[in-house]
Amino acid sequence: MAKKKVLLMGKAHSGKTSMRSIIFANYLARDTMRLSPTLDVEHHHVRFLGDLVLNLWDCGGQDAFYESYFERDRETIFRSVELLIYVFDIESDCPEKDFDHFAGVLEAMEENSPDARIFVLVHKMDLVAEEERELILEDRKRLIEESCLGVGVQHFQCFGTSIWDETLYKAWSEIVTNLIPNIGVLESHLSDFCRICDADEVVLFERATFLVISHAQTKKDASIDDGGRRQSNLTSGEHEEDTNEAAGDGAGDLADGGADNANKDEATADDVQMSTSPHSTSSPPIYDPSIEGGTSTPASPGGNATLSTNPSNTNNQQLAAKASNQIAPSPTPQFDAHRFEKISNIVKQFKLSCGKAQSQFQGMDVRNSKFTAFIDAFTANTYIMVIVSNNGQQDWGSGTQKAATLMNIQKARSHFEQFIPRS
């Protein structure tokens, strides 16, 4: 079992414990208000992808603690660190002191863990006026880069984040992906699976946190020989190269469909029109510690919940509420840079609501005139989402095409288990 030491540092009240609780303890954003400040160092062992354990050191940010970190406990804190996450509060009333602490942390890291990867989160961006966010974030990134270069740190990644939208999921997905040892091999096989399924996009989520750990997308410049799509079965040995000009639109539309709802504090299962579909009938009962009580509940006979996307029921089927602000605009009208993280947020909240209703979430289908999205339990530690364009056919995404997609998911499970082993 691999253990990775992760330092979570930053000034007091910067939001370190809140983001950790949302990602790993299934807190809702509004519930973090009741969290008390961290005193000294809190140790948390978080299991991720089954056999990867994050030894998370949540370090209190009061000045007195920093004196201890830099002097008496310097070697204990900063030795053998795999990854540093440093959090800046964008609304801090003493940024000079924040950067002094940051420089001290970087020096201690260079001395004790020079190979550690460094991530910097500029947090609480929702408190900045929307029209000023990009400019302020770029200015803060410039100051962070100057601090890093001043102590010889050449490589780091910086993100603007907020607990109220998908930017938090985006940052933490990038962070944990860096801890997966065989991520390149996993991405390669996921690309093959995307091609075999003739899907527009395939996304892999970690089961408990629902963070994105990998995704694959069809190449937009590939030719279409027959003017349409053909679904190939994983066991047939056919590797179709056909793509659709709308590649990638599916996940973007799915995210946009919930973008206005992307950050509701709690999705309500009763507000979603449900039906059953024969998803993964051979799948075993699921144990998911993220669901309250941590008990094992067999999937309901016959299959899973299916999310209806009937426009007349839109208001009654919201899975999450509209975020008060968005940190960054979509780079293009077709591809939202945060589309996967929006989906993570929406589905995770719905998944938690299922648990509160004493139901076990197994998967869902989302269909509209443009695409069909299949979300299903995949390996013991992951969920998968397969996006397939509807290609102008009214019943595309159901019947034979749906059955073939679900069969491919079922057949691929054992293959992907060797890259994401059970704990």
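**Note on the sheet and its helices**

1. In this predicted model, helix H2 (residues 63-70) lies across four strands: S1 (2-10), S2, S3 (52-59) and S4. Its direction makes about 135 degrees with that of S1.

2. The sheet itself is open and has six strands. Their order is S2-S3-S1-S4-S5-S6, with mixed pairing. Strand S2 (41-48) sits at one edge and strand S6 (157-160) at the other, each pairing on one side only. Direction ignored, neighbouring strands are turned by 20 degrees against each other on average.

3. Look next at S4 and S5. Strand S4 (residues 83-89) and strand S5 (residues 117-123) are parallel partners, joined over seven bridges. Leu-83 faces Arg-117 of S5 across the pairing. Asp-89 stands opposite His-123, also in S5.

4. Helix H4 (residues 95-112) packs on the sheet. It touches S1, S4 and S5, and its direction is at about 175 degrees to that of S4.

5. How many of the seven residues of S5 are buried? Six are, so the strand is mostly covered, with buried meaning under 20% relative accessible area.

6. The chain leaves S4, passes through H4 and enters S5. This β-α-β crossover is right-handed.

7. S5 also runs parallel to S6, and four bridges join the two. Phe-119 has Gln-157 in S6 as its bridge partner.

8. A further β-α-β unit consists of S5, helix H5 (residues 133-150) and S6. That unit is right-handed.

Terms used: Residues numbered from 1 in each chain as written. Predicted model: local features only at pLDDT ≥ 70, side-chain atom pairs only at ≥ 80, totals over all residues. Heavy atoms only, no water. Pairing = 2+ DSSP bridges. Axes fitted to C-alpha atoms, helices over the stretch in contact; angles between N-to-C directions. Contact = heavy atoms within 4.5 Å. Buried < 20%, exposed > 50% of the residue type's maximum accessible area, 1.4 Å probe, protein only. Right-handed = clockwise from strand over helix to strand, strands pointing away.
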